[in-house]
Amino acid sequence: MHSVPAPTEIAERSVMHEAAYDILGVGVRLRSVSRASIELIDDSFGVFRVEGTHGELVIELRADAESGSLTVSRPDGATHRSRSAAAATLHLMDELVHAVISSLHQRGLFAVHAAAVAHRGRALVLAGPSGAGKTTLAVALAALGLEILSDELAILDPATGLVHPYLRRLHIRPGTPELVRGMEQIGLRERRDLGGEIAWAIGLEEAGTPADGPRPMGAALVLVPRSNRTVEPRFTSIGSGQAALELLRGTWAASIDFPGALRAVGSCVVPIPCARLEAADPMATAEAIVAWLDRSHG
Amino acid sequence: MTAPARRDGISVQRIGDETVLHDAVRQQAHVVNQSAAWVWEHFDGIRSTDDIAEQLAREFEVPVEAARSDVNAVTDAFRRLGLLD
């Protein structure tokens with residue numbers, strides 16, 4: 001298991017390590033007293049890494065030698081203290097994601113907690129709570145040849161109806177590699193602590209074909225917790241109002257302007273088929289999803 | 001005879017065939033179908049549920065008793081959700 005240095009170890013260092021990222025046109029610069037924290041974040045976000053001083057949004061992880069605490073400061077000046085280096089690193093990563101989400105929102109883009117893949121050129125957004133199986137289904141669909149856009153955030157553009165790729169490396173939990181065709185070797189790799197029981201970050205190209213650009217929104221599925229008795233995937237059509245609410249669940253955009261976010265995300269789902277999905281075995285469910293997409297799109 | 005009234009602070013948005021009622025104070029959102037949304041719009045604190053049911057029956061050409069039953073059910077549901085005064 002990978003580990004980051006203890007706070008006292010970090011506090012003895014005076015050098016600030018830096019990394020700059022360009023994520024969908026949002027420039028963010030991380031500064032940290034811990035090289036290990038940058039390396040851990042790079043493991044997921046390295047694909048967005050850029051050289052130089054790129055990044056107007058600066059997020060810092062500093063150490064206070066006297067108190068032994070670690071402080072993450074956001075671009076808006078807000079700070080958050082952690083006693084553990086691991087917690088501080090994960091908070092640094094959370095703040096990176098938040099900076100991106102809020103900047104995208106200013107450009108009219110909405111980040112919803114969903115995986116996204118594309119079938120026959122149209123995006124399928126897979127929403128659901130953390131641990132519902134979004135990533136597992138996304139990689140299972142990728143194994144069937146669908147393009148993959150993201151396993152974590154679907155970036156919706158209500159003005160164009162497009163879903164943008166968010167090519168952060170895929171976060172894989174233990175148990176997933178054994179369930180998805182072609183991923184068995186992933187489970188043999190050294191595990192890392194990426195928070196939320198995530199053990200591995202893998203490139204999208206390892207799971208399948210990353211989308212090379214935005215795709216028009218084609219369908220939305222909301223994953224519901226499966227019971228142990230679920231033997232076949234079940235689809236239940238839902239209306240666009242319900243789908244919009246599900247996509248907005250837990251999003252930052254909804255927390256700051258719910259009516260505006262509902263209007264925007266609602267406009268994305270009105271023209272497309274939406275359903276709740278009770279998943280079964282991932283590969284069987286992925287095949288059922290492809291059949292559902294083909295039926296839905298005629 | 002009750003004349004239900006919509007509580008202040010509930011915003012309404014039509015999304016496709018559904019309507020979302022957003023209660024900003026309680027931070028809750030409720031999805032309702034077209035019929036329930038129609039009933040919601042008629043809760044003005046003046047018209048009774050019987051008046052609304054009769055209007056519903058006329059506009060949608062359904063039996064008055066069925067309309068009355070629907071309006072009462074919707075009223076109960078909205079009241080349970082705290083959407084009415």
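Student: How many salt bridges does the rule find across the interface of chain B and chain A?

Tutor: The rule finds 0 salt bridges across that interface. Please keep in mind that this is a predicted model.

Student: And how many residue pairs are in polar contact between chain B and chain A?

Tutor: The count is 5 residue pairs in polar contact, with both residues at pLDDT 80 or more.

Student: Which strands of chain B each supply at least two residues of the side that touches chain A?

Tutor: Those strands are β1 (10-15), β2 (18-23) and β3 (28-32) of chain B. Sorted by class, the side of chain B that touches chain A holds 4 nonpolar, 4 polar and 2 charged residues.

Student: How many residues does the contact take from chain B and from chain A?

Tutor: Chain B gives 10 residues to the contact, and chain A gives 11 residues. Between them, chain B and chain A bury about 850 Å², and 69% of that area is on carbon and sulfur atoms.

Student: Which residues in chain B lose the most area to chain A?

Tutor: They are B:Q13, B:I15 and B:E18, which together account for 52% of what the chain B side buries.

Student: Let us turn to chain B itself. In what order do the elements of chain B run from the N terminus on?

Tutor: The order is β-β-β-α-α-α. Chain B therefore has 3 strands and 3 helices, by a count that follows DSSP runs.

Student: What radius of gyration does chain B have, and what would a compact globule have?

Tutor: Chain B has 12 Å. A compact globule with 85 residues would have a radius of gyration near 12 Å, so the value for chain B agrees. The C-alpha trace of chain B spans about 35 × 30 × 15 Å along its principal axes.

Student: What share of the residues in chain B is buried?

Tutor: Buried residues make up 42% of the 85 residues in chain B. As for contacts in chain B with a separation of 6 or more, 49% come from residues 24 or more positions apart.

Student: Moving to the loops, where does B:Q27 lie?

Tutor: B:Q27 is in the loop between β2 and β3 of chain B.

Student: Is B:Q27 buried or exposed?

Tutor: B:Q27 is exposed, because its relative accessible area is 70% and exposed means over 50%. Phi of B:Q27 is near 55 degrees, a positive value in a residue other than glycine. Most residues other than glycine have a negative phi.

Student: What is phi of B:E61 near?

Tutor: Phi of B:E61 is near 50 degrees, again a positive value in a residue other than glycine. B:E61 sits in the loop between α2 (49-60) and α3 (64-80) of chain B, and B:E61 is exposed, with a relative accessible area of 73%.

Student: Now for chain A. Is A:I23 buried or exposed?

Tutor: A:I23 is buried, with a relative accessible area of 0%. A:I23 lies in strand β1 (residues 17-23) of chain A.

Student: Which residues is A:I23 in contact with, leaving aside its neighbours within four places in sequence?

Tutor: The contacts of A:I23 are A:F45, A:F48, A:L96, A:V100 and A:Y166, with those neighbours left aside. In addition, the C-alpha atoms of A:I23 and A:I101 are separated by 9.8 Å, although these residues are 78 residues apart along the chain.

Student: Where does A:T136 lie, and which residues does A:T136 touch?

Tutor: A:T136 belongs to helix α4 (residues 134-143) of chain A. Not counting residues up to four places away in sequence, A:T136 touches A:T176, A:V180 and A:P282. A:T136 is buried, because its relative accessible area is 13% and buried means under 20%.

Notes. Residues are numbered from 1 along each chain as its sequence is written. Chains are lettered from A and ligands numbered from 1 in the order in which they are written. This is a predicted model: local features need pLDDT of at least 70, side-chain atom pairs count only at pLDDT 80 or more; totals for chains, interfaces and linings use all residues. Side-chain values use heavy atoms; hydrogens and water are left out. Contact means heavy atoms within 4.5 Å. Buried area is the accessible area (1.4 Å probe) that two parts lose on being put together, summed over both. A salt bridge is a side-chain nitrogen of Lys or Arg within 4 Å of a carboxyl oxygen of Asp or Glu. A polar contact is a pair of N or O atoms within 3.5 Å; within protein, one must be able to donate a hydrogen and the other to accept it, and residues adjacent in sequence count only if both atoms are side-chain atoms. Helices (H or I, at least four residues) and strands (E, at least two) are DSSP runs, numbered from the N terminus. Ala, Val, Leu, Ile, Met, Phe, Trp, Tyr, Cys and Pro count as nonpolar, Asp, Glu, Lys and Arg as charged, and the others, Gly among them, as polar. The radius of gyration is taken over C-alpha atoms; the globule rule is 2.2 Å times the number of residues to the power 0.38. Buried means under 20% relative accessible area, exposed over 50%, partly exposed in between (1.4 Å probe, protein chains only).
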